[in-house]
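Have the sequence and the 3D view open while reading. The text goes from the whole chain down to single residues.

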Amino acid sequence: MDRPLIFITNDDGIDAAGLHKLAAIASAYGDVVVGAPASPQSGKSSALTVNGALELISHPSTDDAIRMFSITGTPVDCVKVAMHALLDRRPDLILSGINHGSNAAVNNIYSGTMGAAMEGCIIGIPSIGFSLLDHSPRADFAPMSPFVSDIIRRVLEGGLPHDVCLNVNFPADCTPQGVKVVRAARGHWTEEYRDYTSPHGRPFFWLTGTFHNDEPDNPDTDEYWLKRGYGTIVPIRPDQTASDRIVAVEDMMA
C-alpha cells in the first residue's frame, strides 16, 4: 500500500529554513513532494501568474522520502502546477510553510502561505498553513515541531471538515504551552508606509506598519493566546460569502 502523498509549498521560497523543517517533519508520515516558489513571494495571497511562463526546476534532496522542486511563480501557482505536471496522483495532504512570520488575525488575508492552503482547500484536499512568529532566517523551529507533527498526524487520520483549511501559528522564543482552536482576532494595520526620496528627488514608499489588535483581551482570538505562549489553530473558509447578511442586502436593494 502506498504511503500518503504530502505536497508542500510556502511563500518564503525554496531556500527557506521553515520549508525544509516542515518537509523533514512530514516525511515521517508519507512521501513528500516539495514545490515551492523559486524566489520569496510573501504577501501574494491567492495571486496567480496569468501573463508569464512558469518553469519547474528540480533540486537535489538528501532524503529519499522527499522530492524537491521550485516553480517560478506564486504559492498558488505552485499548487496548480504541481497538480497539473508534478504529482503522479492526488495528494492526501497539502502543507504550506513553515512561514517565517505571523499569519494570525487579518494577516491570513494577505498571506501567500495561506493562499496556497486555501487553494488546496478549494480543490478538496485537506490543507494546513503553518507559521512561526519569527522573521529571522535562523528562526528556531524545534519548540513547535512536536505540535506540527501531531497536527499533521491527526489531519491525515481524520481529515478536515468540508471546505475548511487550517491556519496554524506558533509564538517565537518559547516552548508552546499547548494549542488553542480559536478565531482570528479583529484588527488592522496603521502607519503602513514610510516615505522616502530617491537620489533623483522622486518620492517613493516602503511597506512597514504596526498591527493594531481591536480586541486584545478577548480569549476567543488567536492573538490573545499567541501573546500567552500558546499555538493557535484557526479554521479558515475560502468562501467569503457573508451568508448571514444576504437577506439584509436583499432588503436594501429591494
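The paragraphs below deal with the overall build, then with strands, a ring cluster and some backbone details.

The model is predicted. The protein holds seven helices and 13 strands. Its radius of gyration is 19 Å, close to the 18 Å that the globule rule gives for 254 residues, so the protein is as compact as a globular protein of that length. The C-alpha trace spans about 55 × 50 × 50 Å along the principal axes. Of the 254 residues, 46% count as buried. The surface that the protein exposes comes to about 13400 Å², and carbon and sulfur atoms supply 52% of that area. Contacts can also be sorted by distance along the chain. Among those with a separation of 6 or more, 75% join residues that are 24 or more positions apart.

Next come two strands. Strand 7 covers residues 165-170, and six of its six residues are buried, so this strand is largely enclosed by the rest of the structure. How are the two faces of strand 7 covered? On one side Cys165, Asn167 and Asn169 are buried, and on the other side Leu166, Val168 and Phe170 are buried as well. Strand 7 pairs with strand 6, residues 127-132, in the parallel sense over five bridges. In this pairing, Leu132 stands opposite Phe170 of strand 7.

Ile128 belongs to strand 6. Is Ile128 buried or exposed? Its relative accessibility is 0%, and a residue under 20% is called buried, so Ile128 counts as buried. Apart from neighbours within four places in sequence, Ile128 is in contact with several residues, including Leu93, Ile94, Leu95 and Ser96. Leu166 and Val168 are also among the contacts of Ile128, and both of these are buried residues of strand 7. Ala116 is twelve residues away from Ile128 along the chain, and the C-alpha atoms of the two are separated by 9.0 Å.

The aromatic rings are the next topic. The model has five aromatic pairs. In one of them, Tyr224 and Trp225, the ring centres are 5.0 Å apart and the planes stand at 80 degrees, so the pair is edge-to-face. Planes over 60 degrees apart are given that name. Tyr224 is buried, with a relative accessible area of 16%, and Trp225 also counts as buried, at 16% relative accessibility. Tyr224 and Trp225 form one aromatic cluster with Tyr230. Where does the charged end of Lys180 sit? It lies over the ring of Trp225, 4.5 Å from the ring centre. The charged end of Lys180 also sits over the ring of Tyr230, 5.2 Å from that centre.

The backbone is the last topic. Most residues other than glycine have a negative phi, and most peptide bonds are trans. The peptide bond from Gly97 to Ile98 is cis, with omega near -10 degrees. Ile98 lies in strand 5, residues 93-100. Asp163 is not a glycine, yet it has a positive phi of about 65 degrees. Asp163 is found in the loop between helix 5 and strand 7, and at 39% relative accessibility it counts as partly exposed. Asp173 has a positive phi too, near 60 degrees. The loop that holds Asp173 runs between strand 7 and strand 8. Asp173 counts as exposed, with a relative accessibility of 78%.

Definitions and conventions:
Residues numbered from 1 in each chain as written. Predicted model: local features only at pLDDT ≥ 70, side-chain atom pairs only at ≥ 80, totals over all residues. Heavy atoms only, no water. Phe/Tyr/Trp six-rings, centres within 6.5 Å; stacked < 30°, edge-to-face > 60°. Buried < 20%, exposed > 50% of the residue type's maximum accessible area, 1.4 Å probe, protein only. Lys NZ or Arg CZ within 6 Å of the ring centre and 35° of its normal. Helix = DSSP H or I, 4+ residues; strand = E, 2+ residues; numbered from the N terminus. Rg over C-alpha atoms; globule rule 2.2 N^0.38 Å. Contact = heavy atoms within 4.5 Å. Areas by Shrake-Rupley, 256 points an atom, 1.4 Å probe, with all protein chains shown as cover. Pairing = 2+ DSSP bridges.
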